[in-house]
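Reader: Please pick one part of this structure and go through it closely. I would like to know how that part fits into the rest of the chain.

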Amino acid sequence: MLAVCDGNNGCNQEFNLEKLEIEQLDDGIEKTYFKCPNCGKEFIAFYTDEAIRNKQKKIRKLKDANKIERLKKHTAIDMNVLRKRIEQEVI
Ligand SMILES: [Zn+2]
């Protein structure tokens with residue numbers, strides 16, 4: 001996957017995103033991120049907590065496409081809420 005190092009202080013170089021790194025935070029939260037190989041700028045992909053990871057596990061076991069779709073939407077909302085919460089705490 002091709003990514004561009006944009007945003008604040010980004011170097012604007014394109015780079016090939018090969019793998020995501022995972023960092024363990026407090027309260028069972030995992031931060032999934034990647035870094036620009038040119039300047040080292042960090043980009044957050046998403047955060048997950050235990051509840052979100054449980055839903056993701058459930059999704060993998062489901063076979064009903066409608067149920068999968070619904071649960072994926074819920075998970076995406078949860079991830080957005082979690083990310084906002086974490087980023088507000090950091091600031
Ligand atoms: Zn960069």
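Author: Start at the surface: Lys-84 counts as exposed, at 57% relative accessibility (exposed is over 50% relative accessible area, buried is under 20% and partly exposed is in between, with a 1.4 Å probe and protein chains only). Lys-84 belongs to helix H2, residues 65-90 (helices are DSSP runs of H or I with at least four residues, strands are E runs of at least two, and both are numbered from the N terminus). Its C-alpha is 9.9 Å from that of Tyr-47, although 37 residues of sequence separate them.

This is a predicted model, in which local features need pLDDT of at least 70 and side-chain atom pairs count only at pLDDT 80 or more, while totals for chains, interfaces and linings use all residues. Residues are numbered from 1 along each chain as its sequence is written, and side-chain values use heavy atoms, with hydrogens and water left out.

The part to look at closely is the zinc site. Four cysteine sulfurs coordinate the zinc ion, the SG atoms of Cys-5, Cys-11, Cys-36 and Cys-39, at 2.2 to 2.3 Å (donors are N, O and S atoms within 2.8 Å of the metal, or 3.2 Å for Na, K and Ca; water is not among the atoms, so sites may look incomplete). The angles among the four donor atoms are 106 to 114 degrees, and the site is tetrahedral (for four donors, all angles between 85 and 135 degrees). Along the chain, the spacing of the donors is C-x5-C-x24-C-x2-C. Cys-11 sits in the loop between strands E1 (2-4) and E2 (14-16), and Cys-39 in the loop between E4 (30-35) and E5 (42-48), so this pair ties together parts 28 residues apart in sequence.

Accessibility varies among these ligands. Cys-36 is buried, at 3% relative accessibility. Cys-11 is partly exposed at 28%, and Cys-39 is partly exposed at 39%. A search of the whole structure finds zero disulfides (a disulfide being a pair of cysteine sulfur atoms within 2.5 Å).

Two of the zinc ligands also belong to the largest nonpolar core: Cys-5 and Cys-36 join Ala-3, Phe-15, Leu-17, Phe-34 and Phe-43 there. A nonpolar core is a set of buried Ala, Val, Leu, Ile, Met, Phe, Trp, Tyr and Cys residues joined through side-chain atoms within 4.5 Å. Beyond its neighbours within four places in sequence, Ala-3 is in contact with Gln-13, Glu-14, Phe-15, Leu-17 and Phe-34 (contact means heavy atoms within 4.5 Å). A second, separate core has six residues, among them Ile-29, Tyr-47, Leu-82 and Ile-86.

Strand E4 also holds Thr-32, which is buried at 6% relative accessibility. Apart from neighbours within four places in sequence, Thr-32 has contacts with Leu-20, Glu-21, Ile-22, Ile-44, Ala-45 and Phe-46.

As for the whole chain, its elements run β-β-β-β-β-α-α from the N terminus on. Its radius of gyration is 15 Å, well over the 12 Å that the globule rule gives for 91 residues, so the chain is more spread out than a compact globule (the radius is taken over C-alpha atoms, and the rule is 2.2 Å times the number of residues to the power 0.38). The C-alpha trace spans about 45 × 30 × 20 Å along its principal axes. Buried residues make up 25% of the 91.

Definitions and conventions:
Tetrahedral: all angles 85-135°; square planar, octahedral: opposite > 155°, others 65-115°.
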